[in-house]
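Me: I would like a close look at one part of this structure, namely its salt bridges, with some care over where the partners sit.

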Amino acid sequence: MIVSYNEIQNLCRKAFCGAGFELGDAEDAAEMVAWMQCHGLGGLAALHRGLNFLLEEEPDRLPEIVYKDSDLAILDGHGQSVLRCGSLAAELCFAKARARGLAVVKIRRCHNRQLIMGYLARIASRGMNVTAFWRNAQYPLHEQVVGFRAGKSVPEIRVYAVHDVPEENAPNDGITLIMANHVNLLPSMRSDYQYELLASHNESSLSAFEDDAFAQGIEVDESRWGELKRLASRVLVEATEASRHGAGAGQKDDD
């Protein structure tokens with residue numbers, strides 16, 4: 001089925017509210033999913049893969065800064081979606097890079113890491129060079145590198161399979177952000193280990209996909225669309241129940 005960017009954003013916002021997000025956080029998260037979907041990067045598929053984990057998370061458990069200095073910070077995501085900690089990490093790295101020229105922020109223990117790309121697009125639009133790097137746990141090891149040039153709304157993306165894994169390699173469930181005021185940080189693989197390029201997206205192809213999405217609409221999977229509608233319906237049910245309780249209380253108070 002074909003839908004518009006606004007339809008994706010609106011339904012995702014309601015779905016995130018149904019999942020327990022505060023309204024502002026739900027709007028942020030919805031924009032991240034819609035951004036990926038309109039650039040052909042499978043935002044709804046990424047959300048679907050992590051949805052069961054997302055619904056089991058504790059909404060009040062906030063990301064925690066476990067270390068910081070002038071140039072570096074480390075956040076503990078407590079195993080939650082990057083949609084709950086990505087905005088804090090991106091803004092923190094931006095502030096440090098503005099002050100110091102270059103900064104690094106590491107998020108430990110998070111999932112749905114692909115969905116951080118929309119946050120990074122916002123930062124790049126403010127004139128910051130941005131790179132994000134993370135590894136997936138499957139074998140062969142997959143490395144994903146996303147780089148935005150300052151002022152650009154779309155990135156360069158590379159996904160590699162590393163067959164000859166370093167001995168010191170440990171399971172990686174985090175993501176590393178690097179930001180610089182005046183230095184381009186676009187992905188370019190240089191390694192002594194055997195690797196294979198699995199996917200590559202450049203700025204021009206992502207921009208073209210975005211243009212087509214806004215002109216012709218965005219194709220989405222009907223089953224995933226239905227999944228989001230069911231989640232969004234929780235908000236309507238809760239609002240209806242609250243309205244009934246409110247009406248009842250009002251009658252009682254009037255008596």
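Reply: A good place to begin is Glu-91, which at 31% relative accessibility counts as partly exposed, in a model that, it should be said at once, is predicted. The side chain of Glu-91 meets that of Arg-126 in a salt bridge, with a distance of 2.7 Å from N to O. Glu-91 lies in helix α4 (residues 82–100), while Arg-126 belongs to the loop between α5 (117–124) and β5 (129–136), so this pair ties together parts that are 35 residues apart in sequence. Arg-126, for its part, has a relative accessible area of 42% and is partly exposed, because that value falls between the limits of 20% for buried and 50% for exposed.

This pair belongs to a wider set, for the structure holds 9 salt bridges. Another of them joins Arg-109 to Asp-76, and there the closest N and O atoms are 2.7 Å apart. Here too the pair links distant parts of the chain, since Arg-109 is in strand β4 (residues 102–111) and Asp-76 is in strand β3 (residues 72–81), with their positions 33 residues apart. When we ask how accessible the two partners are, we find that Arg-109 is partly exposed, at 37% relative accessibility, whereas Asp-76 is buried, with a relative accessible area of 13%. The cut-off matters for this step, as a residue is called buried when its relative accessible area is under 20%.

A further salt bridge is the one in which the side chains of Arg-158 and Glu-156 meet, at 3.2 Å from N to O. In this pair Arg-158 counts as buried, at 17% relative accessibility, and Glu-156 is likewise buried, with a relative accessible area of 13%. Beyond such pairs, salt bridges that share partners join Asp-28, Glu-31 and Arg-122 into one network.

Read together, these cases let you follow charged side chains in different settings: Glu-91 in a helix, paired with Arg-126 in a loop; Arg-109 and Asp-76 in two strands; and Arg-158, a buried residue, paired with Glu-156. As you trace them in the 3D view, it may help to find each pair by its residue numbers and then to look at the surroundings of each partner in turn.

Methods:
Residues are numbered from 1 along each chain as its sequence is written. This is a predicted model: local features need pLDDT of at least 70, side-chain atom pairs count only at pLDDT 80 or more; totals for chains, interfaces and linings use all residues. Side-chain values use heavy atoms; hydrogens and water are left out. A salt bridge is a side-chain nitrogen of Lys or Arg within 4 Å of a carboxyl oxygen of Asp or Glu. Helices (H or I, at least four residues) and strands (E, at least two) are DSSP runs, numbered from the N terminus. Buried means under 20% relative accessible area, exposed over 50%, partly exposed in between (1.4 Å probe, protein chains only).
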